Amino acid sequence: MNPQPPPLPFDLGITLDEGETVQRIVYRSLIDLLPTVSGSIALELFALGLGYAVSHFPDMVPFPPSIIVAMVGVTSVLAALILLIGFYVYRHNVLIFTNIHLVYVEQVGLFGRRVSQLNYRQVEDVTGRKAGLFQTILNYGDVTVQSAGEQEKFIFHNVSNPTQIADDALQQHEHWMQHLQEQGANPPME
């Protein structure tokens, strides 16, 4: 019994070809969420500190309590929004291995998304790179996929175990090329 391929995590805005199945979905490392989480926590701590100052030292705060309560509420909501938007962007940056293509979805902010597909036949080189002490110790880095033709290279940032992801992409490329040789087919590059 073959395991079911993972479902697409969200609507990519593309349709898979007939017979194309998702083999693997790669997300960015949780390290990528660290700035967002840190910023949200800092804002929430500021809101809590402001609330504490008003409740324990009301004479030292130059604003009426209603304005301080509003500032605490707005800051808390802003911290939650930053966290939610950051998680949304994190979750929608994916590299998807299908049996035919590499699909790179780059979510840029809340309203910007770029989806790129690369047929394994077009893959020329895949590199996993860890740079610096933290990336080496925590085993995360960038995966760069160089393609044939005019298409620019894919750079998937802050992925866990980038060298293994690069090796997997090259294995998929080799598997695809071997499949083409066995079939005697020479389909056009997409």
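**Salt bridges, buried polar residues and overall architecture**

D168 has a relative accessible area of 16% and is therefore classed as buried, where buried denotes under 20% relative accessible area, exposed over 50% and partly exposed the range in between, evaluated with a 1.4 Å probe and with protein chains only. The structure is a predicted model, in which local features require pLDDT of at least 70 and side-chain atom pairs count only at pLDDT 80 or more, whereas totals for chains, interfaces and linings use all residues. Residues are numbered from 1 along each chain as its sequence is written, and side-chain values use heavy atoms, with hydrogens and water left out.

Side chains of opposite charge can pair when their charged atoms come close. Three salt bridges are present in the structure, the criterion being a side-chain nitrogen of Lys or Arg within 4 Å of a carboxyl oxygen of Asp or Glu. D168 is paired with R24 in one of these, and the closest N and O atoms are 2.0 Å apart. This pair links distant parts of the chain, since D168 belongs to helix α4 (residues 162-183) and R24 to strand β1, with the two positions 144 residues apart. Helices (H or I, at least four residues) and strands (E, at least two) are DSSP runs numbered from the N terminus. In contrast to the buried D168, R24 is partly exposed because its relative accessibility is 30%. A salt bridge also joins R28 to D32, for which the closest N and O atoms are 3.3 Å apart. R28 is itself buried, at a relative accessible area of 13%. E106 and R114 likewise meet through their side chains in a salt bridge, with an N to O distance of 3.9 Å. The relative accessible area of R114 is 34%, so this residue counts as partly exposed.

At the level of the whole chain, the protein contains four helices and seven strands. Their order along the sequence is β-α-α-β-β-β-β-α-β-β-α. Of its 190 residues, 35% count as buried. Contacts, defined by heavy atoms within 4.5 Å, frequently span the sequence: among those between residues at least 6 apart, 55% join residues at least 24 apart. The exposed area of the protein is about 11,600 Å², of which carbon and sulfur atoms supply 61%; accessible areas were obtained by the Shrake-Rupley method with a 1.4 Å probe, and for residues only the protein chains shown count as cover.

Helix α2 comprises the 27 residues 65-91, and its end C-alpha atoms are 39 Å apart, which agrees with the span of 39 Å expected at 1.5 Å a residue. The expected value is 1.5 Å times one less than the number of residues in the helix. Within α2, the residues I68, T75, A79, G86, V89 and Y90 are buried. The elements covering the buried residues of this helix include β1, α1 and β3. Y90 is also among the residues touched by S29, together with Y140, N158, V159 and S160, when residues up to four places away in sequence are not counted. S29 is located in the loop between β1 (22-27) and α1 (34-56). Its relative accessible area is 6%, so S29 is buried.

Two asparagine residues were examined for polar contacts, taken as pairs of N or O atoms within 3.5 Å in which, within protein, one atom must be able to donate a hydrogen and the other to accept it, residues adjacent in sequence counting only if both atoms are side-chain atoms. N99 is placed in the loop between β2 (94-98) and β3, and is partly exposed because its relative accessibility is 26%. A polar atom of the N99 side chain lies 3.1 Å from the backbone oxygen of G19, and one lies 2.8 Å from the backbone nitrogen of T21. The C-alpha atoms of N99 and G19 are separated by 8.6 Å, although the two residues are 80 residues apart along the chain. With residues up to four places away in sequence not counted, N99 touches G19, E20, T21, Q23, Y120, Q172 and W176.

N119, in strand β4, is buried, with a relative accessible area of 4%. The side chain of N119 makes a polar contact of 3.2 Å with the side chain of W176. In addition, a polar atom of the N119 side chain lies 2.8 Å from the backbone nitrogen of R121.

On the surface, V77, L81, I85, Y88, L110 and F111 form a nonpolar patch of about 580 Å². Patches consist of residues with over 30% relative accessible area and no salt bridge, like charges being joined within 9 Å and nonpolar side chains (Val, Leu, Ile, Met, Phe, Trp, Tyr) within 5 Å. L110, one of the patch residues, lies in the loop between β3 (101-108) and β4 (112-119). L110 counts as partly exposed because its relative accessibility is 35%.
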